Amino acid sequence: MLFLVSGNLLRDGLSRLSNPTVPEVTAIGFLVLLLTVTVNLFVYFWENRAGHRLKSEILINDSLHTRSDILVSLSVIGTLIGIRMGIHWLDVATAVVIAGLILKTAVTILVRSSGILCDRITLDPRLIEQTVMDIPRIRECHKVRTRGKEDDIHIDLHVLVDEAMSVSEAHSLACQVEGKLKKVFPGLSDVLVHIEPGLTVPDRTLKAKG
């Protein structure tokens with residue numbers, strides 16, 4: 001939608017070079033636009049701060065969308081000021097600049113969202129492995145995969161345990177892994193732990209000698 005807004009704004013601005021129009025400028029129009037910009041500025045800063053505090057991509061992207069509304073309103077204000085001053089080309093110049101800024105906003109949102117859509121790695125696997133290996137009775141941690149948004153992170157991992165461990169003990173250990181990861185990494189919403197049987201200590205020694 002922002003790409004469309006930017007394209008339409010640029011098209012309309014350039015079209016006024018060949019077909020100049022002189023819209024009516026009133027004090028009420030200025031007041032309405034100033035009020036709109038003021039309200040949108042409040043919404044933008046509130047959403048942006050809340051989005052970064054909560055690590056919410058939805059709020060951050062919506063704040064960028066609100067910023068595009070502010071830019072459009074500023075474009076109209078610049079147009080009206082130019083007409084008041086008799087500088088009609090200022091209308092087109094303002095439209096081109098604002099269209100470029102909205103285009104930049106659209107690209108920013110696209111780049112931020114594409115990583116999530118492509119299952120970009122969210123957390124460093126090495127940090128997760130170190131955290132898991134601090135838990136007693138965990139022999140190894142590998143095949144760590146992370147995805148999602150910063151406020152909705154999903155982790156899949158494999159842990160190696162003693163092959164003599166009972167199902168009940170393995171389940172309890174998996175719960176410990178999930179609990180510790182959620183405590184260490186804020187925004188973690190789902191942990192899938194794959195338990196793999198490993199060699200017992202004597203078995204490892206025999207295998208090494210063989």
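## Salt bridges, helices and a surface patch in a predicted model

Aspartate 162 is partly exposed, with 23% relative accessible area. The model it belongs to is a predicted one, and this residue makes a handy way in. Its side chain meets that of arginine 139 in a salt bridge, at 3.5 Å from N to O. Since aspartate 162 sits in strand β2 and arginine 139 in the loop between α5 and β1, the pair ties together parts that are 23 residues apart in sequence. Arginine 139, for its part, has a relative accessible area of 27%, so it also falls in the partly exposed class.

Stepping back for a moment, the protein is built from 7 helices and 3 strands. Read from the N terminus, these elements follow the order α-α-α-α-α-β-β-α-β-α. Of its 210 residues, 35% are buried. Among contacts with a separation of 6 or more, 68% are between residues 24 or more positions apart. As for the outside, the protein exposes about 12700 Å², and 64% of that comes from carbon and sulfur atoms.

Back to the charged pairs: the structure has 5 salt bridges, one of which is the pair described above. Another joins the side chains of arginine 147 and aspartate 156, with N and O 3.3 Å apart. Here the two partners fall on either side of the 20% limit for being buried. Aspartate 156 has a relative accessibility of 11%, so it counts as buried, whereas arginine 147, at 29%, is partly exposed.

A further salt bridge, at 3.1 Å from N to O, brings together the side chains of glutamate 178 and lysine 182. This one stays inside a single element: both residues lie in helix α6, 4 residues apart, or about one turn of the helix. Glutamate 178 is partly exposed, at 27% relative accessibility, and lysine 182 is partly exposed as well, at 35%.

Helix α6 itself runs over residues 167–184, which makes 18 residues. From first C-alpha to last, α6 reaches 26 Å, close to the 26 Å expected at 1.5 Å a residue. Its buried residues are Ala170, Leu173, Ala174, Val177 and Leu181. They cover an arc of only 100° around the axis, and therefore lie on the same side of α6. What packs over that side? The cover for these buried residues includes helix α5 (125–133) and the strands β2 (152–162) and β3 (188–198). The face turned away from the buried side looks quite unlike it, carrying the exposed residues Ser168, His171 and Lys183.

Helix α3, at residues 57–85, offers another set of details. With 29 residues, α3 should span 42 Å at 1.5 Å a residue, and its end C-alpha atoms are indeed 42 Å apart. Serine 73 belongs to this helix. Buried or exposed? Serine 73 has a relative accessible area of 9%, so it is buried. Leaving aside residues up to four places away in sequence, serine 73 touches Leu33, Thr36 and Val37.

Further along α3 comes leucine 80, which is also buried, with a relative accessible area of 11%. Leucine 80 and phenylalanine 30 are 50 residues apart in sequence, yet their C-alpha atoms are 8.1 Å apart in space. Just after the end of α3, glycine 86 takes a positive phi of about 80°.

The last feature is on the outside. Phe3, Leu103, Val107, Leu110 and Val111 make up a nonpolar patch on the surface, and together they have about 440 Å² of accessible area. Which element gives the most to this patch? That is helix α4 (residues 89–117), with 4 residues. Leucine 103 is placed in α4. With a relative accessible area of 38%, leucine 103 is partly exposed, and that value is over the 30% a residue needs to be counted in a patch.

Technical notes:
Residues numbered from 1 in each chain as written. Predicted model: local features only at pLDDT ≥ 70, side-chain atom pairs only at ≥ 80, totals over all residues. Heavy atoms only, no water. Patch = residues over 30% accessible without salt bridge, like charges linked within 9 Å, V, L, I, M, F, W, Y side chains within 5 Å. Areas by Shrake-Rupley, 256 points an atom, 1.4 Å probe, with all protein chains shown as cover. Salt bridge = Lys/Arg side-chain N within 4 Å of Asp/Glu carboxyl O. Helix = DSSP H or I, 4+ residues; strand = E, 2+ residues; numbered from the N terminus. Buried < 20%, exposed > 50% of the residue type's maximum accessible area, 1.4 Å probe, protein only. Expected span 1.5 Å × (residues − 1). Arc of directions from axis to C-beta. Contact = heavy atoms within 4.5 Å.
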